[in-house]
Amino acid sequence: MKRRLFASVGVIAVLALSACGGTDSDDGASGAPSTSASAPMASASPSMMMSGQFGSGCAAVPTDPSNPGSFDAMAKVPVATAASGNPLLSTLVTAVKKANLVDSLNGAQGVTVFAPTNDAFAKIPKADLDKVLADDAMLKKVLTYHVVPTQLSPDTLAGTHKTLQGGDLEVTGSGSSFTVNGTSMVVCGNVSTANATVYIVDTVLMPKS
């Protein structure tokens, strides 16, 4: 069903936060090793809860503060740069760079980024993903649909939110369990960067045509 949705939209996949994520044509984005982050069913560990992050996907984030993909390191740099060091978001980073959105994301203030994992992009057929990456206008449309121009905490995450692309995202859930647009689960949430809050999701979000 998801493949049919992607196909109807031009089937593209990709963006970018930033907590992971996003990149553009600057050094803030480079391919990070792919790491799997599936269902956010498991409860977060006590250490993650203390730091504010939640979700089973958080376990794949490096714990060494000196690692650029760690929560500590990402909190010190803007979202696109932070995403480039996160092991879950290398495909997103590639897309953000291709769409020339690195500077825009890094320069934005107080935004929320729903960042698809590498596994989220892997759900899309390679031919379809390649089409999106080759269409700059469509790629930018998809990526900006993952960015909300206000900063959302877990307490304010549920609800309808207008995106930079212009469409709306619908988030349901509470506590440490959230779903975006009815299909995309937050696998690692409340990740801080210098200018954004990132919610890493397991499915690429597609704007309505």
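**Exercise 1. How many disulfides does a search of the whole structure find?**

Solution.
- The model is a predicted one.
- The search of the whole structure turns up one disulfide.
- Its partners are Cys 58 and Cys 188, with an S to S distance of 2.2 Å.
- The cut-off for a disulfide is 2.5 Å between the cysteine sulfur atoms, so the pair qualifies.

**Exercise 2. Place this link in the chain and describe its geometry.**

Solution.
- Cys 58 lies in the loop between α2 (46-51) and α3 (71-74).
- Cys 188 sits in strand β6 (residues 184-192).
- The two are 130 residues apart, and the pair links distant parts of the chain.
- The angle about the S-S bond is 100°, and the link of Cys 58 and Cys 188 is right-handed.
- Are Cys 58 and Cys 188 buried or exposed? Both are buried.

**Exercise 3. Describe how helices α5 and α9 are arranged.**

Solution.
- Two packed helices are described by the angle between their axes and the distance between the axes.
- Take helix α5 (residues 90-98) and helix α9 (residues 136-144).
- Distance: their axes come within 9 Å.
- Angle: the axes cross at roughly 125°.
- Classify: 65 to 115 degrees counts as roughly perpendicular and over 145 as roughly antiparallel. α5 and α9 are therefore oblique to each other.
- Handedness: the crossing of α5 and α9 is left-handed.

**Exercise 4. Which residues of α5 and α9 meet?**

Solution.
- From α5, take Leu 92, Ala 95, Val 96 and Lys 98.
- From α9, they meet Asp 136, Leu 139 and Leu 143.
- Sort the residues of this α5 contact with α9: five are nonpolar, none polar and two charged.

Definitions and conventions
Residues numbered from 1 in each chain as written. Predicted model: local features only at pLDDT ≥ 70, side-chain atom pairs only at ≥ 80, totals over all residues. Heavy atoms only, no water. Helix = DSSP H or I, 4+ residues; strand = E, 2+ residues; numbered from the N terminus. Buried < 20%, exposed > 50% of the residue type's maximum accessible area, 1.4 Å probe, protein only. Axes fitted to C-alpha atoms, helices over the stretch in contact; angles between N-to-C directions. Parallel < 35°, antiparallel > 145°, perpendicular 65-115°, else oblique. Left-handed = near helix turned anticlockwise from the far one by under 90°. Contact = heavy atoms within 4.5 Å. Nonpolar A, V, L, I, M, F, W, Y, C, P; charged D, E, K, R; others polar.
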